[in-house]
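Trainee: Please take one strand of this model and describe closely how it sits in the fold. Some context on the whole chain and on other parts would help as well.

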Amino acid sequence: MWYNNILETIGHTPLVKLNKVTKDIPAIVLAKIETTNPGNSIKDRMALKMIEDAERSGKLKPGGTIIEGTSGNTGMGLAIAAVIKGYKCIFTSTDKQSKEKFDALRAFGAEVIVCPTNVEPEDPRSYYSVSSRLEREVPNSWKPNQYDNLSNSQAHYEQTGPEIWEQTGGKVTHLVAGVGTGGTISGTARYLKEMNPNIKVLGIDTYGSVFKKYKETGDFDKNEIYPYITEGIGEDFLPQNVDFSLIDHFEKVTDKDAALMTREVARKEGIFAGNSTGSAVAGVVQMKDMFKEGDVVVIIFPDHGTRYLGKMYNDDWLRDRGFLKDEKLTARDIIGKKDVQEIITIDCEKSVLEAINTIKSLNISQIPVTQKGMVIGKITESDILNSLLENPSIKSQPVKNITTAPFPFVDLNTSIDRISGLINKENIAVLVEDESGKIEIITQYDIINAISA
């Protein structure tokens, strides 16, 4: 048996039991692994549904351009369908999203326009506003508007809900999903509650989003809105696809807990999933007292970990945000183990001869070059030697004439592995600013000294 095209492979994703990350939960906890869709995300389902409904209604015409505001996954689903069906795609997104998501969209020929995150939805710079403006300006274009297009939730009513019901033999007692556009949780919940009204639907929200408070109080509180790191869930407005009547409870999860659980799922369950999966699993762990033996809890795992390699799966990224404390040495540890000494610099207007004399008298091999106290570059023994071989008279010229790019600056929390990777033939040291604002230099010798201390 074969499929006529890749779109026919969407859906029928596996349900997998979790064993380690949920070991303290008395219920059976199952993961709906949506990464097996062709675009590696659950958004393939609703992307195709929105396109097909728009084709039937005449909103999307042959040769048209699909324009959408997307964090990446919906864009991927739309882009794959567009390749098969012959449409162009222009996507707007925010600078909060991972670079891998944008690269993936561009791989399918889509144009991606990156917009600022920290602006109101109605701001003309927001990715919502830019996509709406482009729809008005680009001929024969159509904007799916995944947030308010009810084909989104309908896709999950027709597909995701029935799959979960069939796969659990009707034994599902709880549905857990992150809430972003609201389509996944609302469509799936509508089907499952029609089959069994006692099924509890638990939405995962993030701090900085309005959903939880709105559900509990009916108050849209703008003071709840602030920037957050977690991708794929939470919003600063109320999409029409979010059916609050179907969601029994919202659980907020911190950025840190979501990021760390994302990694735990990979390391303990062997499932390489994205940031919103970490948030959902962390939420289930937080809600463990809501479950009892015999319950069957289904968690939606929306997308794949490859889109978060530079973020949740990157130790330095986590450490920079204070999410990860590594036992490995950091720049702070290395400078703490160094002998106290003033960093030697040379002003860019000083002569090369003065630099030579400084290097000889202090028995050092490199000097950061400054201009008005700011580090602008460096000179090394090899820089000086190469310059003298080409032009012996260079000794009387200012240092700035042979200055090369500065040593890389690193954060105090940067790991020893990262620092070692930055030190090479071109950069024989790195610079770091300590808590007092003083610049310190770290060489290979300092790393060896710190390790052996």
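Mentor: The answer starts with the basis of the values, goes to one strand, and then turns to other parts.

The model is predicted, so local features need pLDDT of at least 70 and side-chain atom pairs count only at pLDDT 80 or more, while totals for chains, interfaces and linings use all residues. Residues are numbered from 1 along each chain as its sequence is written, and side-chain values use heavy atoms, with hydrogens and water left out.

The protein has 16 helices and 16 strands; helices (H or I, at least four residues) and strands (E, at least two) are DSSP runs, numbered from the N terminus. Of its 453 residues, 54% are buried, where buried means under 20% relative accessible area, exposed over 50%, and partly exposed in between, with a 1.4 Å probe and protein chains only. The C-alpha atoms fill a box of roughly 85 × 55 × 50 Å along the principal axes. Among contacts (heavy atoms within 4.5 Å) between residues at least 6 apart in sequence, 68% join residues at least 24 apart.

The strand chosen is β10, residues 296-301. Six of its six residues are buried, so β10 is largely enclosed by the rest of the structure. In a regular strand the side chains alternate between the two faces of the sheet. In β10, V296, V298 and I300 point one way, and V297, I299 and F301 point the other way.

Two strands pair if DSSP finds at least two bridges between them. β10 pairs in the parallel sense with β2 (residues 28-33) over six bridges, and K32 has I300 as its bridge partner. With β7 (residues 174-178), β10 is also parallel, over three bridges; here L175 stands opposite V298.

Now for two helices. Helix α10 covers residues 275-286 and contains S279. S279 has 0% relative accessibility and therefore counts as buried. Beyond neighbours within four places in sequence, S279 is in contact with I204, T230, I233, V253 and A258.

In helix α4 (residues 127-137), the buried residues include Y127, Y128, V130 and L134. The buried residues of α4 pack against four strands, β3 (65-69), β4 (88-94), β5 (111-115) and β6 (141-142).

Further along the chain is an open sheet of three strands in the order β11-β12-β13, with mixed pairing. Its edges are β11 (346-347) and β13 (374-380), each with a single partner strand, so one side of each has no neighbour in the sheet. β11 runs parallel to β12 (residues 366-371), joined by two bridges, and D347 has T370 in β12 as its bridge partner. Helix α13 (residues 352-362) packs on this sheet and touches β11, β12 and β13. The direction of α13 makes about 135° with that of β12; axes are lines fitted to C-alpha atoms, for helices over the stretch in contact, and angles run from 0 to 180 degrees between N-to-C directions.

Another open sheet of three strands has the order β14-β15-β16, with mixed pairing. β14 (409-410) and β16 (439-443) are its edges, each with a single partner strand, so one side of each is left without a neighbour in the sheet. β15 (residues 429-433) and β16 pair in the antiparallel sense over five bridges, with L431 opposite I441.
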